Protein chains: 2
Amino acid sequence: MTTNLRGILAPALIAVTDHFRIHQERTIGHFKWLLQNGCDGLVIFGTTSEANSFSVLERRQLVEQTVEAGIDPQKLWIGTGCCALSDSIELTRHAVQIGCRGVLTLPPFYYKQLVDEGLFRYFDALIEGVGNDRLRLYLYHIPPIAVVQFSFPLIEKLITRYPGMVAGIKDSSGDWEHTRQLIERFGRRDFDIFPGNESNLLAALRVGAAGCISATANVAALSLQGILQSWPNPEAEDRQAIVTKIRQAFLGYPLIPALKAIISKVRGEPAWKNAQPPLLPLSNSDQESFFSKLSAAGFQWPAFGNEAPA
Amino acid sequence: MTTNLRGILAPALIAVTDHFRIHQERTIGHFKWLLQNGCDGLVIFGTTSEANSFSVLERRQLVEQTVEAGIDPQKLWIGTGCCALSDSIELTRHAVQIGCRGVLTLPPFYYKQLVDEGLFRYFDALIEGVGNDRLRLYLYHIPPIAVVQFSFPLIEKLITRYPGMVAGIKDSSGDWEHTRQLIERFGRRDFDIFPGNESNLLAALRVGAAGCISATANVAALSLQGILQSWPNPEAEDRQAIVTKIRQAFLGYPLIPALKAIISKVRGEPAWKNAQPPLLPLSNSDQESFFSKLSAAGFQWPAFGNEAPA
């Protein structure tokens, strides 16, 4: 019986070739760097990974290659939520079979204005379809993008039906009050709540969050880890203030291209800027103004390239 | 050199088994019935087909089985728009290779607040990736569900880059003024506009629409065909009034389950009510009130089962 993964998790960026394929070597190199530079674990194929821009086969293959490259699957959650139930079952079963610690699962996001009972039946069929007690499924609540949401009654019903197996939620609502209410209502049970943004990380930890899963962990996990390690102490407030200020420098820029631009610059690899359409690489003028704002906010440029060799 | 498919197209319903698979026999039987009862063509794997609730493999297989069952691929458009560019290329290439007349393609619908240039690059990469001059690609504009939209400048840019190949649009905005403007602005070029709802079919035909692609064609294509055949004549107005009144009976009920309930009842096949989660079959009480409203509106229950044997 192992505990669940908690702490600072990076929703890991995926390097893309000029022909819109996964650049395996760069991507897995980034994963290793993250685990050696402040991350307790990784989420592969969340929104920041451009998950839905890759086929099911491409997604399975990268997970296999990651584990073959020596990354411990117990440090991994895999994003597995698709519009098609059969796809979600396939990806989730695959992740559990490989030994991944958990899965982070979007609701089916094509149809809108759904009733909770339809979403419940989807997750019920998914969990029964996977049929493995080792499954730890985390709900991926990201209404600004997926639009489809997990209501409190739906969460309640899923936890009650699958206690321990429906193991937590990533709250990317961007609404601190929603995160606070989730922790208050569900945090005392066997259910972990992770804010999807570091702007309220300290406040969330102080009321019982299990950690944080934020896109910026791709370039600044050590800062978030600093807050996690010091949260009972007053100094944590200074750390939070710095982190919040840096986060504000991202406002007005598309987040995924902005993060890729940072890696591209530090690694000196122009192709790291590539994104899957419909996302676009950051324009040169946006990059220039973004980098100025980052530096003005006191951003510590990450030391990419310091990871141990494979 | 063939003309493009025009007229009344049904976005065809898909029969689902109790285990959430495609019921091939029932589905293809329905396709044949539609083509013998008022439809000029079919769209397989639009929203009404629950397209995104099936895997790429399931979608390819059904298209193959449909053609193997004797349905002329020149009467088919295939829904091919996925979030992943590689999936959209695979499905589109497959449809063209099989000889299907066209494809109806959603924009990638996971990420929101996209810039037009990102969507243009997606479609550019899709069309180049398919690399076949026989491609006739119809844009699938359905903002109430996909959220992501085709703006007029984006349509202009796509038509200009791929004249004749980007062959038209299904406008499921539900906004007649938007349909009217599309026809006014783009209808004089080699570009067909299909309203996605029959409520303004007559008005649309009179200003130059190429036909109609509406979910209700699954159970009432003959009525729509009647309007298409008579639109220059005053009697068409009476036909439109009847069709509009029947459409209003659907208000307040989930459209796909409501249509499946009609087929289930007439065919005497309870399993026709099945839908893929997150959609739910119509409840018994909803079905009762819906059927009452339909009958009160003068709905002609379709004569399912009159199709010629395979």
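Helices and strands here are DSSP runs, a helix (H or I) having at least four residues and a strand (E) at least two, and they are numbered from the N terminus. With that in hand, we can place Gln113(B): this residue sits in the loop of chain B between β4 (102–105) and α4 (116–130). Keep in mind as you look around that this is a predicted model.

## Backbone surprises

Let's stay with Gln113(B) for a moment. Its phi is positive, about 55 degrees, although the residue is not a glycine. Most residues other than glycine have a negative phi, and most peptide bonds are trans. Is Gln113(B) buried or exposed? Gln113(B) counts as exposed, because its relative accessibility is 85% and the cut-off for exposed is over 50%.

Phe45(B) also has a positive phi, near 80 degrees, and it is not a glycine either. You will find Phe45(B) in the loop between β2 (41–44) and α2 (56–68) of chain B. Phe45(B) has a relative accessible area of 3%, so it is buried, the limit for that word being under 20%.

Now turn to the peptide bonds. In chain A, the bond from Pro277(A) to Pro278(A) is cis, with omega near 15 degrees. Pro278(A) belongs to the loop between α11 (255–267) and α12 (284–296) of chain A. In chain B, a cis peptide bond joins Pro277(B) and Pro278(B), with omega about 15 degrees. Pro278(B) lies in the loop that runs between α11 (255–267) and α12 (284–296) of chain B.

## Where the two chains meet

How many residues of chain A are in contact with chain B? There are 40 of them, and they touch 40 residues of chain B. The size of an interface is often given as the accessible area lost when the parts come together. For chain A and chain B, the buried area is about 3100 Å², and carbon and sulfur atoms give 70% of it. On the chain A side, Tyr110(A), Tyr111(A) and Pro278(A) lose the most area to chain B, and together they make up 26% of what that side buries. Pro278(A) is a residue you have already met, at the cis bond from Pro277(A).

What kinds of contact cross this interface? The count of salt bridges between chain A and chain B is zero. Polar contacts do occur, with twelve residue pairs found across the interface, both partners at pLDDT 80 or more. Three helices of chain A, α3 (85–98), α4 (116–130) and α5 (143–146), each supply at least two residues to the side that touches chain B. Of the elements of chain A, α4(A) gives the most to that side, with six residues. Sorted by type, the residues of the chain A side comprise 27 nonpolar, six polar and seven charged.

## Salt bridges

Side chains of opposite charge can pair when their charged atoms come close. Over all chains, the structure holds 28 salt bridges. Here are three of them.

| Salt bridge | N to O distance |
|---|---|
| Arg206(A) and Glu237(A) | 2.6 Å |
| Glu184(B) and Arg180(B) | 2.8 Å |
| Arg239(B) and Glu235(B) | 3.0 Å |

The pair of Arg206(A) and Glu237(A) links distant parts of the chain, 31 residues apart: Arg206(A) is in helix α8 (residues 201–207) and Glu237(A) in helix α10 (residues 235–249) of chain A. Arg206(A) is partly exposed, with a relative accessible area of 35%, and Glu237(A) is partly exposed at 43%.

By contrast, Glu184(B) and Arg180(B) both lie in helix α7 (residues 176–186) of chain B, four residues apart, about one turn of the helix. Glu184(B) is partly exposed at 46% relative accessibility, and Arg180(B) is partly exposed at 27%.

Arg239(B) and Glu235(B) are four residues apart as well, about one turn, within helix α10 (residues 235–249) of chain B. Both ends are partly exposed, Arg239(B) at 35% relative accessibility and Glu235(B) at 37%. Elsewhere, salt bridges that share partners join Glu117(A), Arg121(A) and Lys157(A) into one network.

## A covered strand

Finally, look for strand β6 (residues 166–171) of chain B, which is mostly covered, with six of its six residues buried. Strand β5 (residues 137–141) of chain B runs parallel to β6(B), joined by five bridges. Here His141(B) stands opposite Asp171(B) of β6(B). β6(B) also pairs in the parallel sense with strand β7 (residues 192–195) of chain B, over four bridges. Lys170(B) has Phe194(B) in β7(B) as its bridge partner.

Notes: Residues numbered from 1 in each chain as written. Chains lettered and ligands numbered in written order. Heavy atoms only, no water. Contact = heavy atoms within 4.5 Å. Buried area = accessible area lost by both parts, 1.4 Å probe. Salt bridge = Lys/Arg side-chain N within 4 Å of Asp/Glu carboxyl O. Polar contact = N/O pair within 3.5 Å; in protein donor to acceptor, adjacent residues only side chain to side chain. Nonpolar A, V, L, I, M, F, W, Y, C, P; charged D, E, K, R; others polar. Buried < 20%, exposed > 50% of the residue type's maximum accessible area, 1.4 Å probe, protein only. Pairing = 2+ DSSP bridges.
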